[in-house]
Amino acid sequence: MPAKAKPSVNTIRKSPIKSPRKELVKYSVVVPVYNEEENVGPLSAEISAAMNGMPYEMIFVNDASTDGTLEALTALKPTHKTLRVISHRENSGQSRSVRSGVMAAAGDIIATLDGDGQNDPADIPALIKKMIRKDAPENLALVGGRRAKRKDTWAKRAASRFGNGVRKWLLKDEADDTGCGLKVFKRDAFLSLPYFDHIHRYIPALMLREGYVIEFSDIGHRNRQFGVSKYTNFGRLVVSISDLRGVMWLTRRSRRPGGVDEV
Ligand SMILES: Nc1nc2c(ncn2[C@@H]2O[C@H](COP(=O)(O)OP(=O)(O)O)[C@@H](O)[C@H]2O)c(=O)[nH]1
Ligand SMILES: [Mg+2]
């Protein structure tokens with residue numbers, strides 16, 4: 001008999017794992033990582049400290065890194081019982097990595113953040129609290145982070161301010177900072193959005209398109225300690241032009257029923 005094929009990333013399902021407090025997992029922290037071997041150790045420890053006492057899991061998604069990221073993550077598993085590691089066989093980008101993590105997630109609420117340590121995991125609980133507060137709008141599906149004081153180069157901040165301004169003007173997506181990696185959202189809402197590469201910058205616009213309510217909160221931002229940035233300003237600009245046109249088309253072509261009732 002042929003050896004049983006390994007499950008592919010597309011067949012990894014919501015896991016029934018329990019949190020260390022034996023409650024079912026409610027919150028899944030999803031971290032996309034590409035060549036972040038020195039960052040995964042400190043970051044997983046910070047997530048564990050920030051989420052301590054909550055029914056959570058953390059899912060690191062290794063995007064076919066060419067350094068020792070996967071080995072570093074595997075070595076961390078005995079230390080963190082809440083850690084799951086998912087690995088792409090081929091590099092597919094940040095957005096696809098987040099999507100693989102969300103598809104595998106057991107929690108109904110997802111927190112995602114960059115794998116380079118620039119987002120502070122200590123900010124996650126406040127965003128979750130805002131999402132699940134009693135008087136939250138019924139349709140609230142996204143609480144996005146907004147980097148109050150960015151720790152990036154002057155050129156990156158300038159390009160980002162320009163890009164955010166153009167996008168907000170064209171899409172009217174209420175968002176000042178869609179490039180911020182830290183976001184909390186409802187799993188089902190996210191998976192109902194159309195997927196394309198670099199969708200992570202258009203989540204507010206696409207959530208509004210589906211009729212969801214979105215909110216934002218100021219969060220911290222830190223310098224990258226190890227490794228290098230995976231994006232260039234020019235590369236971002238080139239894909240942004242076609243992505244913006246695509247999202248404008250999607251927005252124009254949407255219709256909403258204003259609520260769906262079963263009678
Ligand atoms: N999974 C995956 N993550 C990526 C890729 N490119 C960037 N990232 C991740 O996306 C996050 C943000 O990237 P980063 O290089 O810090 O961008 P910057 O902060 O805008 O310079 C980090 O967690 C990266 O590891 C990629 O091709 N695949
Ligand atoms: Mg970064």
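This report describes the sheet, two of its strands, a helix that lies across it, a helix pair and the surroundings of a ligand in a predicted model.

**The sheet**

The strands form an open sheet of seven with mixed pairing, in the order S3-S2-S1-S4-S6-S5-S7. Its edges are S3 and strand S7 (213-219), each of which pairs on one side only, and from one strand to the next the twist averages 20 degrees. In general, the strands of a sheet pair through backbone hydrogen bonds, either parallel or antiparallel.

Strand S4 (109-112) takes part in both kinds of pairing, since S1 and S4 pair in the parallel sense over four bridges, while four bridges join S4 to strand S6 (residues 183-186) in an antiparallel arrangement. The residues that stand opposite one another in these pairings include the following.

| Residue in S4 | Partner | Strand of partner |
|---|---|---|
| Ile109 | Tyr27 | S1 (27-33) |
| Ile109 | Lys186 | S6 (residues 183-186) |
| Ala111 | Val184 | S6 (residues 183-186) |

Both faces of S4 are covered, with Ile109 and Ala111 buried on one side and Ile110 and Thr112 buried on the other.

**Lys186 in strand S6**

Is Lys186, a charged residue of strand S6, buried or exposed? Lys186 counts as buried because it has 20 C-beta neighbours inside 10 Å, and a residue is called buried if 20 or more other C-beta atoms lie within that distance. Leaving aside its neighbours within four places in sequence, Lys186 is in contact with Asp108, Ile109 and Ala141; of these, Ile109 is also its bridge partner in S4. Lys186 and Gly220 are 34 residues apart in sequence, and their C-alpha atoms are 22 Å apart in space.

**Helix H3 across the sheet**

Helix H3 (residues 94-104) is mostly covered, with nine of its 11 residues buried. The buried residues are Gln94, Arg96, Ser97, Val98, Arg99, Ser100, Gly101, Val102 and Ala104. What covers them includes strand S1 (27-33), strand S2 (56-62), strand S3 (83-87) and strand S4 (109-112), together with helix H6 (187-191). H3 lies across S1, S2, S3 and S4, and runs at about 150 degrees to S1.

**The surroundings of ligand 1**

S1 and H3 are also found around ligand 1, where each supplies at least two residues of the shell. Which of the 17 residues around ligand 1 come nearest? They are Asp63, Ser97, Gly115, Ser229 and Lys230, and Ser97 is among the buried residues of H3. By residue class, the shell divides into four nonpolar, eight polar and five charged residues.

**Helices H5 and H8**

Two packed helices are described by the angle between their axes and the distance between the axes. For helix H5 (residues 154-171) and helix H8 (residues 233-252), the axes come within 11 Å and cross at roughly 10 degrees. The crossing angle therefore makes H5 roughly parallel to H8, a term that applies to angles under 35 degrees.

On the H5 side, the residues that meet H8 are Ala155, Lys156, Ala159, Gly163, Arg167, Leu170 and Leu171, whereas H8 contributes Asn233, Arg236, Ser240, Leu244, Val247, Met248 and Thr251. The residues of this contact divide into seven nonpolar, four polar and three charged. As a general point, an α-helix has 3.6 residues a turn, so residues three or four places apart point the same way.

Note on methods:
Residues are numbered from 1 along each chain as its sequence is written. Chains are lettered from A and ligands numbered from 1 in the order in which they are written. This is a predicted model: local features need pLDDT of at least 70, side-chain atom pairs count only at pLDDT 80 or more; totals for chains, interfaces and linings use all residues. A residue is buried if 20 or more other C-beta atoms lie within 10 Å of its own, exposed if 12 or fewer, and partly exposed in between; C-beta atoms are placed from the backbone. Two residues are in contact if their C-beta atoms, placed from the backbone, lie within 7 Å. Two strands pair if DSSP finds at least two bridges between them. A residue is near a molecule or strand if its C-beta atom, placed from the backbone, lies within 6 Å of it. Ala, Val, Leu, Ile, Met, Phe, Trp, Tyr, Cys and Pro count as nonpolar, Asp, Glu, Lys and Arg as charged, and the others, Gly among them, as polar. Axes are lines fitted to C-alpha atoms, for helices over the stretch in contact, and angles run from 0 to 180 degrees between N-to-C directions. Angles under 35 degrees count as roughly parallel, over 145 as roughly antiparallel, 65 to 115 as roughly perpendicular and the rest as oblique.
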